[in-house]
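Work through these exercises with the structure open. Each task is followed by its solution.

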Number of protein chains: 2
Amino acid sequence: MSNHAALASQWMAASAQRVDQAIETSFDDWSVSAQQLKDAMHYAATGGGKRIRPLLVYATAALSNKPLDDIPGIDDCAVALELFHTYSLVHDDLPSMDNDDLRRGRPTVHKVYDEATALLVGDALQSMAFGLLANSRLTEAQKVAMISSLATSGGLAGMAGGQAIDLENVGKPLTKEALENMHRLKTGALLRTAVQMGGIAIDLNPQQLKSLDQYASALGLAFQVVDDILDATADSQTLGKTAGKDAAANKPTFVSLMNLDGAREFARKLHLEAVESLAVWGDNAYLLKAIADKVLYRQS
Amino acid sequence: MSNHAALASQWMAASAQRVDQAIETSFDDWSVSAQQLKDAMHYAATGGGKRIRPLLVYATAALSNKPLDDIPGIDDCAVALELFHTYSLVHDDLPSMDNDDLRRGRPTVHKVYDEATALLVGDALQSMAFGLLANSRLTEAQKVAMISSLATSGGLAGMAGGQAIDLENVGKPLTKEALENMHRLKTGALLRTAVQMGGIAIDLNPQQLKSLDQYASALGLAFQVVDDILDATADSQTLGKTAGKDAAANKPTFVSLMNLDGAREFARKLHLEAVESLAVWGDNAYLLKAIADKVLYRQS
């Protein structure tokens, strides 16, 4: 393992711990009447996960060569994104959507509580994400830029829109272009926002943000292609969620469209595209490069 | 009818039209791939409703004596609140919550489309509300203050928390204090945010905002007491939604707790409290006063 790779590996473990701790802090000292809802939100937001979005925030902010502790509000960005992502998982797992009993190796929220609570957990996590950004130590300009990005990437023109297109196309043939578009909305948009948030937090200029967006865009699609490969090849225990569910639901995937070998080659091509777009940042981008490697080579 | 009352009545009709138009504009020229989700969001957001939250925004902004057209971003505030409120109605109507087939006199979203679409409609409307504020012509400071208020009043410590408490207490006896607390969260918080948004848009000082919060707080509770009275006394056609459902669901209400006469007296007391808190504003507050009257005397 190269020195950079070893450092990146340590850094990722430390950053995952960092965001876990920041998530705990965001729930601590929050005295509310709705204790059960708070507990259910906390259950949903904790218990692991890959924390890819927080890692992207932190790794992008690390381009500044500043310690994370010297970047005001950076943990709020990471937590906001992870809570937003968590809200989407909780709703996605509901019976009317993917009807999933298992998430991150644990029973899903509507299994532990009930459907109504899971619905409210997602709703309240979304509000909490925006609230964290609005009340962070970021500047007002940074807050507004990030909130705008999150609202776009999470809503009709992003994640929610992608999920709607996904639902509409179950059992229907999709072209590779249509499948790509769906995934760019469904998962890609939020990953791009993660990188944008990290960049905004360290005051990158619009050109720099745009160049990083190429990285994030390729990475986001690679992430989904690998997801499809894993869904088709791994078992539920390794994944921590139900494997093979896309095929069972007759959903179009990159594997169903390009076969396994084609999907693997496409993932490698996207990985290369992501890594190449980081060239201008030189060694400073080793963490972003390591995340791209992790996305390509992950087993779950 | 007094001159003020006649003016207020005209103003309310014009303002309801104004926000309807602004909602249309917010959907126009928004080109997205997820056309069906956009249509479903539009369906949910249009077709009437009392538009109390937008009216509160506009009436509070009118304290400045400026025409609404001269207050940048005021329509975005009104639309954001109405979309946020709409998201909560769509989710509230779902089978796992109130399981309602009728809303604003029309079939509910999950009846016209399906449950998954209704879930996404609510999710995306919430994002859209925050996005509208972030991209409005308000100042950055105004945007951040409003987004913070909306996130708080909509989330765990507000609307979503109130709904969770509501769900937990079906069929259980509640004290009047506990019922009040639940409603202050469930509906009161967002009405208070409406008044705060109108006040922030015209740059009121913290003391002025606090005094208006007393009005909004009393009004919000009055609104709910009247809701309970109407649920117990009106028919579904007049209400535009299913009447008698609280009693059917064995939910504690102000009527079940205080009887009809007690609830009516409580509503009048709250109305008086709201109106008295406007005294410092003199005649400038005639629209806010008219909204309080409308809340007390409404038939649906």
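**Exercise 1.** Is Cys77(A) buried or exposed?

*Solution.* Start with the cut-offs: buried means under 20% relative accessible area, exposed over 50%, and partly exposed in between, with a 1.4 Å probe and protein chains only. Cys77(A) has 0% relative accessibility, so Cys77(A) counts as buried. Cys77(B) also stands at 0% and counts as buried. Next, look for disulfides, that is, pairs of cysteine sulfur atoms within 2.5 Å. The search of the whole structure finds zero over all chains.

A note on the ground rules. This is a predicted model, in which local features need pLDDT of at least 70 and side-chain atom pairs count only at pLDDT 80 or more, while totals for chains, interfaces and linings use all residues. Residues are numbered from 1 along each chain as its sequence is written, chains are lettered from A and ligands numbered from 1 in the order in which they are written, and side-chain values use heavy atoms, with hydrogens and water left out.

**Exercise 2.** Find the turn and the shift that lay chain A on chain B.

*Solution.* Superpose by least squares on the C-alpha atoms of residues with pLDDT of at least 70 in both copies. A turn of 180 degrees and a shift of 0.0 Å along the axis lay chain A on chain B, with an RMSD of 0.0 Å. That is the relation of a two-fold axis. Now find the residue of chain A that comes closest to the rotation axis: Glu140(A), at 3.0 Å (C-alpha). The same surface serves both copies, as 100% of the contact residues of chain A recur in chain B.

**Exercise 3.** Describe the interface between chain A and chain B.

*Solution.* Count contacts first, meaning heavy atoms within 4.5 Å. On chain A, 46 residues touch 46 residues of chain B. Then take the buried area, the accessible area (1.4 Å probe) that two parts lose on being put together, summed over both. The two chains bury about 3700 Å² between them, 71% of it on carbon and sulfur atoms. In chain A, Leu120(A), Val144(A) and Leu156(A) lose the most area to chain B, together 18% of what that side buries. Last, check for salt bridges: a side-chain nitrogen of Lys or Arg within 4 Å of a carboxyl oxygen of Asp or Glu. Between chain A and chain B the count is zero.

**Exercise 4.** Trace helix H1 of chain B.

*Solution.* Helices are DSSP runs (H or I, at least four residues), numbered from the N terminus. H1(B) covers residues 3-27, 25 residues in number. From first C-alpha to last, H1(B) reaches 37 Å, close to the 36 Å expected at 1.5 Å a residue. The expected span is 1.5 Å times one less than the number of residues. Its buried residues include Trp11(B), Met12(B) and Phe27(B). Among the elements covering the buried residues of H1(B) are helix H4 (74-92) and helix H6 (115-134) of chain B. Just after H1(B), Asp29(B) takes a positive phi of about 55 degrees.

**Exercise 5.** Which residue meets Arg18(B) in a salt bridge?

*Solution.* The partner is Asp75(B), at 2.8 Å from N to O. Arg18(B) lies in helix H1 and Asp75(B) in helix H4 of chain B, so the pair ties together parts 57 residues apart in sequence. Arg18(B) is partly exposed at 22%, and Asp75(B) is partly exposed at 24%. Compare Glu180(B) and Arg184(B), whose closest N and O atoms are 3.3 Å apart. Both lie in helix H9 (residues 176-201) of chain B, four residues apart, about one turn of the helix.

Conventions. Helix = DSSP H or I, 4+ residues; strand = E, 2+ residues; numbered from the N terminus.
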